Amino acid sequence: MIRFLYLTNKKVFHTNNPLSDEPIIYACWHGDLMMFAHAYLRYKNPPHIKAVISSHFDGTLIAGTLQKFGLEVISGSTNKNAARVLIQAIKALREGYSIGITPDGPRGPRHEVADGVISMAQKTGKKVILVEIRPQTYWQLSSWDKFVVPKPFGTIHFYYSDPLEIQAMDTELAREMIKKGLLKHEK
């Protein structure tokens, strides 16, 4: 279904710079996750990324889907096994992998940035790229994250921020910058 929706939509990719080959932390809202693999694979194929996905039932479905696209998974979240997940993500970044993370996942609150993405960037010195995925027409589920499913035969806009350096930044300032950046193109 994801491939069908991707192929039947026009795609517009908005980025100021080609994406670097260095390990990056890619952040995307939980509700916009459906097309994340395509957003990443547009510029990085074959993939060299590990996505942080919760170990809950819905997380295992998402993990299986991402793995079909060639993405690797770190299972856990900021709510469950937070220290272990942070250590695995930092290790992966140091091994040359990029990390994909939903800063408001796995259970919200919606569009609120948890500490995981900030901690990873501050402990490794890696940059963060914010990925916004905005279909023109879509269905929106009534879940906590208002999960977005693009309708076929429309246009999907993929926005990539410039790489953000937040390692020396105050945590609250970094949190606000990430939130504002991920809502920049929201209707």
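**Cores, pocket and loops of a predicted model**

In this predicted model, Val131 is in contact with Tyr26, Ala27, Cys28, Phe36, Ala39, Tyr159, Tyr160 and Leu182, when its neighbours within four places in sequence are left aside. Val131 is also one of the residues that touch the most other members of the largest nonpolar core, a set of 31 residues. Tyr26, Met35, Phe36, Ile133 and Phe158 share that position with Val131. Several elements each supply at least two residues of this core: helix 1 (2-7), helix 2 (36-41), strand 3 (49-53), helix 3, strand 6 (128-135) and strand 9 (155-160). Helix 2 gives the most, with five residues. A second core, separate from this one, has 27 residues, among them Ile25, Leu93, Ile99 and Leu182. Leu182, a member of that second core, is also on the contact list of Val131.

The whole chain gives the setting for these cores. The secondary structure of the protein chain consists of six helices and nine strands. Its radius of gyration is 15 Å, close to the 16 Å that the globule rule gives for 187 residues, so the chain is as compact as a globular protein of that length. Along the principal axes, the C-alpha atoms fill a box of roughly 40 × 35 × 30 Å. Of the 187 residues, 50% count as buried. Among contacts with a separation of 6 or more, 73% are between residues 24 or more positions apart.

Helix 5 (115-124) shows how one element is placed within the fold. Its buried residues are Gly116, Val117, Ile118, Met120, Ala121 and Thr124. An α-helix has 3.6 residues a turn, so residues three or four places apart point the same way. Within helix 5, the buried residues pack against strand 2 (25-27), strand 3, helix 4 (82-94), strand 5, strand 6 and helix 6 (171-182). After the helix comes Gly125, with a positive phi near 75°.

The loop between strand 5 (98-101) and helix 5 holds Pro109 and Val113. Gly108 and Pro109 are joined by a cis peptide bond, with omega about 10°. Val113 has a relative accessible area of 6%; a residue under 20% counts as buried, so Val113 is buried. Apart from its neighbours within four places in sequence, Val113 is in contact with Trp29, Pro103, Ile118, Arg175, Ile178 and Lys179. Of these, Ile118 is one of the buried residues of helix 5. Pro103 and Val113 are ten residues apart along the chain, with 4.9 Å between their C-alpha atoms.

Another cis peptide bond runs from Asn45 to Pro46, with omega near 15°. Pro46 lies in the loop between helix 2 and strand 3, two elements that each supply at least two residues of the largest nonpolar core. Most residues other than glycine have a negative phi, and most peptide bonds are trans.

Two residues other than glycine have a positive phi: Lys146, at about 55°, and Phe153, near 65°. Lys146 is in the loop between strand 7 (138-140) and strand 8 (148-150). With a relative accessible area of 34%, Lys146 is partly exposed. Phe153 is in the loop between strand 8 and strand 9. Its relative accessibility is 65%, and it therefore counts as exposed. Leaving aside neighbours within four places in sequence, Phe153 is in contact with Thr8 and Asn9. The C-alpha atoms of Phe153 and Leu7 are 8.8 Å apart, although 146 residues separate the two along the chain.

The last feature is the largest pocket, which holds about 390 Å³ of space. The lining has 17 residues, and those nearest the centre of the pocket are Leu33, Asp58, Leu61, Ile62 and Phe147. Helix 3 (residues 57-68) provides the largest share of the lining, five residues. Helix 3 is also among the elements that each supply at least two residues of the largest nonpolar core. By class, the lining is made up of twelve nonpolar, three polar and two charged residues.

Notes. Residues are numbered from 1 along each chain as its sequence is written. This is a predicted model: local features need pLDDT of at least 70, side-chain atom pairs count only at pLDDT 80 or more; totals for chains, interfaces and linings use all residues. Side-chain values use heavy atoms; hydrogens and water are left out. On a 1 Å grid over the protein atoms alone, a cavity is a set of points where a 1.4 Å probe fits but cannot get out, and a pocket is an open set with protein on both sides within 12 Å along at least five of seven lines; lining residues have an atom within 4 Å of a point. Grid points are joined across faces, edges and corners, and a volume is the space filled by probe spheres set on the points. Helices (H or I, at least four residues) and strands (E, at least two) are DSSP runs, numbered from the N terminus. Ala, Val, Leu, Ile, Met, Phe, Trp, Tyr, Cys and Pro count as nonpolar, Asp, Glu, Lys and Arg as charged, and the others, Gly among them, as polar. A nonpolar core is a set of buried Ala, Val, Leu, Ile, Met, Phe, Trp, Tyr and Cys residues joined through side-chain atoms within 4.5 Å. Buried means under 20% relative accessible area, exposed over 50%, partly exposed in between (1.4 Å probe, protein chains only). Contact means heavy atoms within 4.5 Å. The radius of gyration is taken over C-alpha atoms; the globule rule is 2.2 Å times the number of residues to the power 0.38.
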